[in-house]
Amino acid sequence: MLVLFETAAGFALFKVLDESKLKSSPKDIDQYFSTPQKASSIVSLKKFYKFDGTLDALEAATALAESKVPESLQEFLQKNIIDEKLSDKLIVSDLKFGNAIKDLLNIKVLCDETTNELIRGIRLQLNSLVSAKESDLNSMSIGLSHSYSRYKLKFSPDKVDTMIVQAISLLQDLSTEINIYAMRAREWYGWHFPELSKIIATQPEYAKAIKAMGNRKNAVNTDFTGILPDQIADEVKEAAQISMGTEIAEEDLEHIYSLCDQYLSIQEYYEELSEYLRNRMNAIAPNLTILVGEIVGAKLICRAGSLMTLAKYPSSTIQILGAEKAFFRAVKTKHNTPKYGLIYNAKMVNDISLKNKGKMSRVLAAKAALSARFDALCETSDTSYGINYKSQLDRRSIQIENGEVIKKTKSSNGNGYNKRDNQQIKSYDHTKSSTNQLQSRTPAKKDSKESSITAESNGHTMEVDTKKEKSSKKEKVESESESESESEKETKKKSSKKEEKEDKKKSSKKDDKEDKKKSSKKEEKMDVDSEDEKPKKSDKKSSKKEDKEEEKKSEKKSSKKDEEKEEKKSSKKSDKKEEKKSSKKKVDSDSDEEEEKPKKSDKKSSKKEDKEEKKSEKKSSKKDKEDEKEKKSKKDDKKRSRDDEDDEKVTKKKK
């Protein structure tokens with residue numbers, strides 16, 4: 001019997017020396033491999049095939065995992081078993097793998113519980129049987145396991161998205177630091193030369209100008225070539241002579257120089273890091289960078305955690321990614337949810353108008369989700385998807401800006417919807433007048449549209465036999481010609497009917513106009529007659545009015561006389577009543593004075609009694625206070641006496 005054993009270093013072929021021991025129970029086989037000497041008495045190494053490198057080992061390992069025979073093993077078995085014409089059975093660790101060897105090389109294979117125990121024993125004493133170092137075998141097994149796991153996970157060190165996450169987060173931190181340093185330099189040097197910040201807008205040029213010039217007095221003699229253009233340099237020199245800034249010491253200038261140096265060094269590193277990020281994004285997510293850009297794509301990956309998790313997100317999540325707080329706040333308060341998050345900074349969304357940004361961000365998020373899935377799951381980096389999607393998005397953005405809507409129609413087979421590329425319907429613009437671009441819907445146009453739709457639907461259905469196709473084509477042509485002739489007849493009839501209706505309408509309109517003219521003439525005549533009758537009526541009315549006024553005057557005079565008589569009578573009565581009231585008041589006043597006198601005396605006596613009671617209460621309160629003070633003083637004296645006694649006792653004890 002022969003035993004095939006796979007190692008990280010290569011394939012080993014062992015010869016079983018004592019086959020009788022294999023007939024015993026599987027538990028007893030462990031005893032035969034307890035020591036290297038016992039193992040060598042049962043099994044001996046016949047041949048060993050060493051792998052050429054890690055790639056050869058990886059190919060063999062992947063083939064064995066899939067229960068296939070690698071080429072290296074096939075050659076090894078062909079050379080050592082078939083060429084030597086050995087009829088021994090081959091012991092194998094896996095039955096599927098043994099069947100593959102049997103089918104390929106026609107070698108008898110054995111695999112059961114006892115053979116598995118035999119292979120375990122060989123593995124236990126492998127170093128002594130193969131005569132190899134344990135450290136070498138361990139290093140080979142570790143290298144093979146790493147390469148095999150990379151292969152299984154489709155892992156490539158160039159496609160590590162954690163580097164992107166760290167790079168974009170560092171880039172954001174550097175941008176904030178750069179802004180802080182630049183603003184601090186402007187504020188600090190602005191006390192000495194405030195006009196410079198208005199002349200030079202960019203931060204790097206401002207820092208370089210400070211380093212080259214130093215004090216503003218040196219601006220006239222400094223050379224700004226390579227830092228500023230000639231026109232701006234002349235403006236700086238003129239402003240330095242008329243500056244309103246304060247004087248500055250050299251020690252302060254040194255600190256400003258060091259601040260500018262740090263700013264410029266961070267700016268250089270920021271540019272290097274952005275270039276590194278661009279290269280990394282083109283390697284890891286090329287399709288996503290084509291659509292969104294490297295910075296926005298890196299921010300999306302950073303927000304999701306990795307490229308794989310971003311690929312698992314739906315397009316709706318990618319659209320809002322970065323605006324989670326606003327989204328949950330809107331859901332909680334039942335307001336409108338945000339339309340975009342980090343994707344707002346993409347070039348396609350920025351270029352479009354404000355009202356269409358939501359639509360464009362939704363379309364872009366859908367294509368970004370697909371491109372992220374291609375980048376994460378494709379083995380080879382292919383940018384064709386990104387380029388194709390980019391062209392589609394460019395076309396869609398133009399359609400959104402122009403307000404065009406793509407109409408989807410059901411297919412004739414009913415399998416789904418077919419986009420008609422050439423047929424696009426423009427949206428109605430309510431700002432324009434209704435008479436500008438409206439087309440009249442005539443029945444002839446309707447019939448032509450219906451005929452075109454039927455022709456399209458007939459074009460979709462295909463028949464198998466050529467004879468039937470020819471006959472159907474002839475029938476279609478005849479039916480179309482008949483339908484066209486019928487449609488023309490119908491259109492003529494309808495047009496004639498319309499013309500008759502229009503003539504009737506015109507004649508009715510003319511009759512209405514004539515009736516209106518006649519009625520207007522009659523009204524004019526009536527107005528003239530009414531104007532003639534008015535003066536007659538007015539004379540009669542004026543005479544009646546005069547009679548009425550005279551009657552009213554006479555009535556008023558009589559009523560005035562009656563009123564004067566009544567007033568005189570009432571005045572006499574009121575005088576009598578007043579006299580009676582005055583007499584009564586005098587009597588009442590006298591009685592009141594007599595009653596008030598005893599009341600006043602009672603009040604005075606009550607006041608005196610109150611004063612006396614208050615005095616007595618004050619005296620009693622004073623007495624109580626004095627008693628309390630005496631009690632407190634007595635208690636204090638007692639305490640002091642006790643303390644003195646205790647002190648005396650303590651002193652006596654000490655003595």
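The following exercises, each with a worked solution, concern a predicted model of one protein chain.

Residues are numbered from 1 along each chain as its sequence is written, and side-chain values use heavy atoms, with hydrogens and water left out. Because the model is predicted, local features need pLDDT of at least 70 and side-chain atom pairs count only at pLDDT 80 or more, while totals for chains, interfaces and linings use all residues.

**Exercise 1. Determine how many helices and strands the chain contains, and what percentage of its residues is buried.**

Step 1. Helices (H or I, at least four residues) and strands (E, at least two) are DSSP runs, numbered from the N terminus. The chain has 23 helices and seven strands.

Step 2. Buried means under 20% relative accessible area, exposed over 50%, and partly exposed in between (1.4 Å probe, protein chains only). Of the 655 residues, 25% count as buried.

Step 3. A contact requires heavy atoms within 4.5 Å. Among contacts between residues at least 6 apart in sequence, 64% join residues at least 24 apart.

**Exercise 2. Establish the strand order of the open five-stranded sheet and describe its pairings.**

Step 1. Strands pair if DSSP finds at least two bridges between them. The order is β3-β2-β1-β4-β5, with mixed pairing.

Step 2. β3 (43–50) and β5 (109–110) stand at the edges; each has a single partner strand, so one side of each lacks a neighbour in the sheet.

Step 3. β1 and β2 form a hairpin with three residues between them. They run antiparallel and are joined by five bridges, with Leu4 bridged to Leu13 of β2.

Step 4. β2 and β3 are also antiparallel, with seven bridges; Phe14 has Leu45 of β3 as its bridge partner. Six of the seven residues of β2 (residues 10–16) are buried.

Step 5. β1 (residues 2–6) runs parallel to β4 (residues 90–91), with two bridges between them. Leu2 is partnered by Leu90 in β4.

**Exercise 3. Characterise the packing of α4 against α5.**

Step 1. Two packed helices are described by the angle between their axes and the distance between the axes. Axes are lines fitted to C-alpha atoms, for helices over the stretch in contact, and angles run from 0 to 180 degrees between N-to-C directions.

Step 2. The axes of α4 (residues 71–82) and α5 (residues 95–105) come within 12 Å and cross at roughly 65°.

Step 3. Leu73, Gln74, Leu77, Gln78 and Ile82 of α4 meet Phe97, Ile101, Leu104 and Leu105 of α5.

**Exercise 4. Describe the surroundings of Ile81 in α4.**

Step 1. Ile81 has a relative accessible area of 3% and is therefore buried.

Step 2. Not counting residues up to four places away in sequence, Ile81 touches Leu2, Leu13, Leu86, Leu90 and Ile107.

Step 3. The C-alpha atoms of Ile81 and Leu105 are 9.8 Å apart, with the two residues 24 apart along the chain.

**Exercise 5. Locate Arg216 and identify the backbone oxygen that its side chain reaches.**

Step 1. Arg216 lies in the loop between α11 (203–213) and α12 (230–241). Its relative accessibility is 10%, so Arg216 counts as buried.

Step 2. The side chain of Arg216 reaches the backbone oxygen of Gly245 at 3.2 Å.

Step 3. Leaving aside neighbours within four places in sequence, the contacts of Arg216 include Tyr189, His192, Phe193 and Glu247.

Note on methods: A polar contact is a pair of N or O atoms within 3.5 Å; within protein, one must be able to donate a hydrogen and the other to accept it, and residues adjacent in sequence count only if both atoms are side-chain atoms.
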